[in-house]
Each structure stands twice: as structure tokens, then as C-alpha cells.
Amino acid sequence: MQKVYCLYKLKPGVSADEYVEWSKTVDQAITSRQDCVHRFRVFRLAGSRGGASPWDVVEDIEVESWEAWQECLTTPEMAEVVEGFRRMADRDSAVTVFGDEIR
């Protein structure tokens with residue numbers, strides 16, 4: 001199992017309310033049902049130690065593997081999620097990292 005964290009800002013013109021509604025009704029509803037996804041949580045960021053956060057959102061995703069997650073993103077079931085992400089997230093600000101828990 002691997003963790004994936006995706007951090008990003010919303011595009012200019014996308015309101016926080018619009019994003020939250022999409023996140024609840026589309027992104028979380030569909031993504032959490034995918035076979036490779038063990039857990040999917042989304043957080044609105046409120047700030048950082050130095051003040052404002054460089055991102056608006058962080059997605060905390062627990063998946064079978066990075067490869068399985070990448071494959072999942074290309075499936076027809078995830079098309080609406082991917083389209084919504086492209087419409088709402090500022091892809092230039094997006095940072096995605098993945099790794100394994102240290103035990």
C-alpha cells in the first residue's frame with residue numbers, strides 16, 4: 001500500500017463553495033469507490049506556519065500502489081473526476097508525491 005498526497009491551488013474564478021460541492025458529490029463519491037483506493041480524504045488548507053498556505057487543497061490518498069493509481073486515473077469511471085480536476089485545479093501549482101510508511 002502507498003500514500004499519495006496531491007496539493008494544489010484552485011484556479012482563479014473557482015469559488016471554494018463550488019469546489020467543495022464538486023469534491024463531495026463527484027470527486028470523493030467516485031474516487032473512494034475505485035478498487036485501487038483504500039482511503040481518500042480531502043482537506044481545505046487554512047494556513048501554514050509562516051502565514052498563508054501555498055495551496056488551497058490537499059488530497060490524502062491511500063492506494064494499492066502508485067502504478068495502480070496511475071492506471072485508475074485513465075479509466076472511464078474516473079473521467080468525470082479527471083475532467084473536474086482539470087477545470088478547478090491550477091495544474092501549475094499542483095504537487096503530487098507518493099511513498100511508503102516507515103515502520
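Begin by selecting Lys11 and Arg86, where a polar atom of the Lys11 side chain lies 2.6 Å from the backbone oxygen of Arg86. Keep in mind throughout the tour that this is a predicted model.

**Around Lys11**

Lys11 sits in the loop between S1 and H1, and, with a relative accessible area of 32%, this residue is partly exposed. Now add Ala89 to the selection: Lys11 and Ala89 are 78 residues apart in sequence, yet their C-alpha atoms are 5.3 Å apart in space. If you leave out residues up to four places away in sequence, Lys11 touches Arg86, Arg87, Met88, Ala89 and Asp90.

**Leu10, in strand S1**

Next, select Leu10, which has its place in strand S1. Is Leu10 buried or exposed? Its relative accessible area is 15%, so Leu10 counts as buried, since the cut-off for that word is under 20%. Show its surroundings, setting aside the neighbours within four places in sequence, and you will find Leu10 in contact with Ser15, Ala16, Tyr19, Asp56, Val57, Met88 and Asp90. Phe85 is also worth selecting here, as the C-alpha atoms of Leu10 and Phe85 are 9.4 Å apart, although 75 residues separate the two in sequence.

**The strands**

Colour strand S1 (residues 2-10) and strand S3 (residues 57-63), which run antiparallel and are joined by seven bridges. Within this pairing, Val4 has Ile61 as its bridge partner in S3, and Tyr8 stands opposite Val57 in S3. Then add S4, which pairs with S1 in the antiparallel sense, over seven bridges; here the bridge partner of Val4 is Phe98. Finally add S2, which runs antiparallel to S3 and is joined to S3 by seven bridges, with Arg41 standing opposite Asp60 in S3.

Stay with S3 for a moment and show its side chains. In a regular strand the side chains alternate between the two faces of the sheet. Which residues of S3 point one way, and which the other? Val57, Glu59, Ile61 and Val63 point one way, while Val58, Asp60 and Glu62 point the other way, and all of them are buried. Because seven of the seven residues of S3 are buried, this strand is largely enclosed by the rest of the structure.

**Ser93, in strand S4**

Move to Ser93, which lies in strand S4 (residues 89-99) and counts as buried, at 14% relative accessibility. A polar atom of the Ser93 side chain lies 2.7 Å from the backbone oxygen of Asp90. Apart from its neighbours within four places in sequence, Ser93 is in contact with Leu7, Tyr8, Lys9 and Trp55.

**The nonpolar core**

In soluble globular proteins, nonpolar side chains tend to be buried together. The largest nonpolar core of this model has 22 residues, and those that touch the most other members are Tyr8, Tyr19 and Trp69. S1, helix H1 (16-31), strand S2 (37-44), S3, helix H2 (66-72) and helix H3 (79-88) are the elements that give two or more residues to this core. Select Tyr19 to look at one of these residues in detail: leaving aside neighbours within four places in sequence, Tyr19 is in contact with Tyr8, Leu10, Val14, Val42, Val57, Glu59 and Met88.

**Thr31, in helix H1**

Follow helix H1 to Thr31, which counts as buried, at 1% relative accessibility. The Thr31 side chain reaches the backbone oxygen of Asp27 at 2.8 Å. With neighbours within four places in sequence set aside, the residues in contact with Thr31 are Val26, Val37, Phe40, Trp69, Met78 and Val81.

**The largest pocket**

For the last stop, turn on a surface display. Rolling a probe the size of a water molecule over the atoms shows where empty space is left. The largest pocket holds about 440 Å³ of space, and its lining is made up of 19 residues, of which Cys6, Trp69, Leu73, Val82 and Phe85 lie nearest the centre. The elements that give two or more residues to this lining are S1, H1, S3, H2, H3 and S4. Which element gives the largest share of the lining? Select H3, which provides four residues, the largest share.

Methods. Residues numbered from 1 in each chain as written. Predicted model: local features only at pLDDT ≥ 70, side-chain atom pairs only at ≥ 80, totals over all residues. Heavy atoms only, no water. Buried < 20%, exposed > 50% of the residue type's maximum accessible area, 1.4 Å probe, protein only. Polar contact = N/O pair within 3.5 Å; in protein donor to acceptor, adjacent residues only side chain to side chain. Contact = heavy atoms within 4.5 Å. Pairing = 2+ DSSP bridges. Core = buried A, V, L, I, M, F, W, Y, C linked by side-chain atoms within 4.5 Å. 1 Å grid on protein atoms, 1.4 Å probe; cavity = no way out; pocket = protein on both sides within 12 Å on 5 of 7 lines; lining within 4 Å. Points joined across faces, edges and corners; volume = space filled by probe spheres on them.
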